[in-house]
Amino acid sequence: MGHDSAGLLADEREIAYWDDVPGRTRGGRDVRKLPKFAPGGETRRDPLTGQVVVIAAGRQRRTLSSAGGDCPLCPSRPGAPSEVPAAEYDVAVFENRFPALGGPVGGRCEMVVFSSEHDRSVPELPDVRMETIGRAWADRTAALSGLPGVEQVFVFENRGERVGATLVHPHGQIYAYPYLPPVQTAVLASARAHLERHGECLLCSVTAVEAAGPRVVASSGNFVAYVPEAARWPFEVHIAPLSCVPDLPSLPDEERRELMLLYRDVLARFEALFPGGPTPYMACWHQAPVRHRDVLNHLYVQVFTTRRAADKWKYPASSESGAGAFLNDVLPEHAAARLREAYGKRER
Ligand SMILES: [Zn+2]
């Protein structure tokens with residue numbers, strides 16, 4: 001749906017391409033001998049918290065960048081086939097070979113490769129590529145929302161080994177969850193209570209306050225980026241539309257472009273925060289749940305890092321991991337000032 005060309009990998013996983021200049025056909029046959037793609041795993045529900053846990057033991061054998069050898073996300077070359085059969089590409093999306101979701105669990109995990117160049121980062125990508133990535137995310141969100149049982153389409157990027165990225169090649173992932181994850185469940189409950197009490201969308205109220213407050217980091221005509229009042233992480237930014245927009249597919253092309261450029265601006269600020277190398281980050285796209293749009297219908301993007309100083313990291317320890325109780329050492333208003341100043345310091 002929406003892609004510019006598509007094909008199948010050797011194990012019959014789907015791959016599709018989105019181009020900066022649409023209309024090309026990306027060829028290339030996957031010549032690898034791969035065992036048939038058969039995701040395992042199961043869901044179990046924790047009787048204490050009521051939360052679903054996906055048990056995906058098969059992922060233990062997944063590809064690590066430190067394992068040496070060729071990058072699985074670079075274009076295939078003669079004698080060095082990768083996950084992407086095309087000799088060149090702009091944006092490629094394919095099913096994760098070692099998925100946490102899919103098969104008996106339901107849902108689906110996809111890889112989204114942002115560039116065929118191994119050493120790029122998102123803040124270095126040109127405007128047109130940001131548009132292409134936004135178009136791919138929107139198309140995949142629409143397609144995955146239509147899969148049976150999918151409750152939440154979650155687009156994200158882990159950037160840097162420190163925050164769990166196992167590959168350096170610029171890429172993100174999309175998880176189409178067959179259940180509503182804990183954060184979305186909590187936000188849904190807050191949104192429902194807010195709607196009943198104030199007759200207004202929760203995020204419309206929050207963004208109106210934040211857009212006029214001291215924690216704004218950057219903004220454009222239709223979107224605002226701010227450090228949330230009760231940030232959990234040392235540096236955390238939310239980017240949200242100023243009006244109710246549920247998800248990427250609902251944005252007109254021109255507004256999606258505007259959002260993607262503001263998003264890139266925020267990532268560049270994170271990368272520039274500390275001397276001695278780009279700051280690793282996690283970027284999470286919270287789109288409206290597939291089946292609760294009557295209550296929670298407002299997209300927001302959450303970007304954060306666990307780095308709190310050049311040489312200090314926030315480790316989710318007993319309080320955060322055991323009790324779910326977050327303690328933040330950085331004043332959100334201070335974090336916002338630092339992020340406002342960070343822009344442009346990065347060497348290109
Ligand atoms: Zn690569």
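This note discusses one sheet of a predicted model, a helix that packs on it, and one residue, Gln 173.

1. Basis of the note. Residues are numbered from 1 along each chain as its sequence is written, and side-chain values use heavy atoms, with hydrogens and water left out. The model is predicted: local features need pLDDT of at least 70, side-chain atom pairs count only at pLDDT 80 or more, and totals for chains, interfaces and linings use all residues.

2. The sheet. Eleven strands (DSSP E runs of at least two residues, numbered from the N terminus) form an open sheet in the order β1-β2-β5-β6-β8-β7-β12-β13-β11-β10-β9, with antiparallel pairing. Two strands pair if DSSP finds at least two bridges between them. At the edges are β1 (5-8) and β9 (216-219), each of which pairs on one side only. From one strand to the next, the twist averages 20°; axes are lines fitted to C-alpha atoms, for helices over the stretch in contact, and angles run from 0 to 180 degrees between N-to-C directions.

3. The β9 edge. Strands β9 and β10 (residues 223-226) run antiparallel and are joined by three bridges. Ala 218 has Ala 225 of β10 as its bridge partner.

4. The packed helix. Helix α3 (residues 202-211; helices are DSSP H or I runs of at least four residues) packs on the sheet and touches β9, β10, β11 (235-241) and β13 (300-305). The direction of α3 makes about 70° with that of β10.

5. Gln 173. This residue lies in strand β8 (residues 171-177). Gln 173 counts as buried because its relative accessibility is 14%; buried means under 20% relative accessible area, exposed over 50%, and partly exposed in between (1.4 Å probe, protein chains only). Beyond its neighbours within four places in sequence, Gln 173 is in contact (heavy atoms within 4.5 Å) with residues including Asn 96, Glu 110 and Phe 154.
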